[in-house]
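Let's take a walk through a protein model together, one piece at a time. Keep the picture open while you read.

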Amino acid sequence: MILLAKAVSVHYAGAPAPALQDVDLALSAGELVALAGPNGCGKTTLVRALLGLLPVQRGSITLDGRPIATWPRAELAQTVALVPQREETPFSWRVDEMVGFGRYARLGALSPMTRDDRRAVAESLERCDVGALARRRVETLSGGEWQRVRIARALAQEPSLLVLDEPTTSLDLGHEMELFELVHRLVRDGLAALVVSHQLNIVARYAGRMLLLDQGRTAAAGTPDAVMRAELLSQVFRWPVSVVPLEDGSPQIVPRRPAS
Amino acid sequence: MKALLWLLLFAFAACLVGMLLGAVALPPATVFRALLSPDAPGAAIVREIRLPRVLLAFLVGGALGVSGAALQALVRNPLADPYVLGISGGAGLAAVLAMALGVGGAWGVPLVAFLGGLAAVGLVYRLSTVAGSRLDPRVLVLAGVIVSAFTGSLMAAVLTLSNAEQLRNAFLWLLGGFSAASWRTVLVFSVYAVLPLLLLFGAARALDLLSLGEEPAESLGLEALRARRLVYLATSLLTAVSVAVCGIVGFVGLIAPHALRGMLGPAHRRLVPAVFLASGGFLVLADALARSVARPTELPVGVVTALVGVPLFAVLLKRSLR
């Protein structure tokens, strides 16, 4: 077990209701868990709590058996890598420099990169199929290339857990599937991954388990078959939906139009 | 490495030009002889006036340039600079108050100015993060301008109400200049500037990460809050000491980082030392120009840096709004 969250509650100061209430989550190596739910359901809050970026009022979060709050940032970065939803930089970084930032937590303030660091960067570039872009400037990349570069940077951290926050928001269908295939390969090679996504139909085909949040509470958790139920999803998303099986058997959600 | 050597050469050449120009025309041979021997003719001018002046201009230029580069990474905006963000104005107002009230002296005024600079940057930061926690680059520049205008008018008020005899001097000081440079001011500046400069050189990798934004920086292992505080404190101190010894010289922190990022890339391990050398050389040349263009009258050096900096600022602003 890499990550274990038990009965986690988060209450922002001044907010009328808790942003998260009694949420459980467990993640092991070689497992892809999808985190889904309507806008404002607490997905981002949960991710930030899991990364120790905000204080948890009740419940416990442990990473490798140690409470998350006791992890120094630099040590945490060598175990968990986050690909944030949005990211902009005013400067014109080269792709290999950007991926090299994944080594920050392992480098001294002024010491140059070692052979080990350079190897990790080169491997990460190759695994994400962006080796050919290494000398390009990041602002010249397409949306799909930029996402793969950011995943390469996360891999250069050599983490055991990869967290992706809505990684395909601005990608077209082909690039979106490419990205999920990439994450799928990384998980098959032993990484644990938590993917926050609105793309229920896609995550239902890649995730081993899903966690569906609604208004800060767990609406459903378990295999895609257990979570992707029409009645439940209609309730959570406040819109009538049907669930139909694909030829491979995976459940797919289809929103219905109201009868006129 | 090669770029650093070229910049070292540039800085040295700039200092040479600075040594050869002055109110009193001295032939180059006389200047070199005076540098080597304290008894040579003209030695008093060369060793007690020109040398400290060139050194001070170089150090102040380097400090303001490094502050600019660090602030640009911190607020993730190539328009940032100690002057644009209002730090210079806050430091200047505090320094003027201290001088008008006769408190502080040569060693105390920089510390008072430091507090003024911190207050100003704090205010600018508060103003530009009203809507949520996101820092809008455009609002940031606007807030800096507002705070600068405010401190500027308060400075004018303090100067008007204080001793009329000192008014002209204080007015010149306000526009920035090195005519009061001495070995003492070089010493004061060096003592205060060495620690923040070393801290910023050492924070090069942290600056790289800060430029990506808080969430990416933290997830890559940076203690972002601590790094931000360090950069604020170090740049405010460098700006304050600069203002205390030579008044308000604007835009120095804008020019070299912009030019060098294009040549060397944005990585701060290379950029920060390069900016130090280039900005130092730039301010020495600006000072040389300021005192020779309308001889025997000296132009405030801040006028020269503004003539170069404002057009660049305009170009960068246009680009950032695109």
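## Two domains in touch

In chain A, twelve residues of domain 1 are in contact with ten residues of domain 2. On the domain 1 side of that contact, helix 6 (residues 173-188) of chain A gives the largest share, with four residues. Sorted by character, the residues on this side of domain 1 of chain A come out as eight nonpolar, three polar and one charged.

Before going further, keep in mind that this is a predicted model. So where are the two domains in the chain? The assignment for chain A gives domain 1 as 3-79 + 159-255 and domain 2 as 88-157. The C-alpha centres of domain 1 and domain 2 of chain A are 25 Å apart.

## A sheet with a helix across it

Now look for the open sheet of four strands in chain A, which has the order 2-1-4-5 and antiparallel pairing. Which strands stand at the edges? They are strand 2 (20-27) and strand 5 (66-67) of chain A, and each has a single partner strand, so one side of each is left without a neighbour in the sheet.

Strand 5 of chain A is joined to strand 4 (residues 58-63) of chain A by two bridges, in the antiparallel sense. You can find one partnership by eye: Thr62(A) has Pro67(A), in strand 5 of chain A, as its bridge partner.

Helix 1 (residues 43-50) of chain A lies across strand 1 (3-10), strand 2 and strand 4 of chain A. Helix 1 of chain A runs at about 125 degrees to strand 1 of chain A.

## A hairpin

Jump ahead to strand 11 (residues 241-245) of chain A. How many of its five residues are buried? The count is zero, and strand 11 of chain A is hardly covered.

Strand 11 of chain A runs antiparallel to strand 12 (residues 251-255) of chain A, and five bridges join them. Val243(A), for instance, has Ile253(A) in strand 12 of chain A as its bridge partner. The two strands of chain A, 11 and 12, form a hairpin, with five residues between them. In the turn sits Gly249(A), with a positive phi of about 95 degrees.

## Positive phi without glycine

Most residues other than glycine have a negative phi. Here are two in chain A that go the other way.

| Residue | Phi | Where it lies |
|---|---|---|
| Asp129(A) | near 60 degrees | loop between helix 4 (115-127) and helix 5 (143-156) of chain A |
| Glu166(A) | near 40 degrees | loop between strand 7 (161-165) and helix 6 of chain A |

How covered are they? Asp129(A) has 13 C-beta neighbours inside 10 Å, so it counts as partly exposed. Glu166(A) has 19 C-beta neighbours inside 10 Å and therefore also counts as partly exposed. A residue needs 20 or more to be called buried.

## Where the chains meet

Chain A gives 24 residues to the contact with chain B, and chain B gives 22. Which elements of chain B give two or more residues to its side? They are helix 9 (204-210) and helix 10 (214-219) of chain B. Helix 10 of chain B makes the largest share of that side, four residues. The chain B side divides into eight nonpolar, seven polar and seven charged residues.

Ala206(B) has its place in helix 9 of chain B. Is Ala206(B) buried or exposed? With 25 C-beta neighbours inside 10 Å, Ala206(B) counts as buried. Leaving aside neighbours within four places in sequence, Ala206(B) is in contact with Leu222(B) and Ala227(B). Gly221(B) is 15 residues away from Ala206(B) in sequence, and their C-alpha atoms are 9.7 Å apart in space.

## The largest nonpolar core

In soluble globular proteins, nonpolar side chains tend to be buried together. In this model, the largest nonpolar core has 192 residues, and those with the most contacts inside it are Ala193(A), Leu56(B) and Ala95(B). Helix 3 (residues 43-74) of chain B gives the largest share of this core, 17 residues. The core also draws at least three residues from each of domain 1 and domain 2 of chain A.

Take Ala95(B) as a closing stop. Apart from its neighbours within four places in sequence, Ala95(B) is in contact with Val109(B), Val112(B), Ala113(B), Gly116(B), Val243(B) and Ala244(B).

Key
Residues are numbered from 1 along each chain as its sequence is written. Chains are lettered from A and ligands numbered from 1 in the order in which they are written. This is a predicted model: local features need pLDDT of at least 70, side-chain atom pairs count only at pLDDT 80 or more; totals for chains, interfaces and linings use all residues. A residue is buried if 20 or more other C-beta atoms lie within 10 Å of its own, exposed if 12 or fewer, and partly exposed in between; C-beta atoms are placed from the backbone. Two strands pair if DSSP finds at least two bridges between them. Two residues are in contact if their C-beta atoms, placed from the backbone, lie within 7 Å. Ala, Val, Leu, Ile, Met, Phe, Trp, Tyr, Cys and Pro count as nonpolar, Asp, Glu, Lys and Arg as charged, and the others, Gly among them, as polar. Domain bounds come from an automatic or database domain assignment. A nonpolar core is a set of buried Ala, Val, Leu, Ile, Met, Phe, Trp, Tyr and Cys residues joined through C-beta atoms within 7 Å. Axes are lines fitted to C-alpha atoms, for helices over the stretch in contact, and angles run from 0 to 180 degrees between N-to-C directions.
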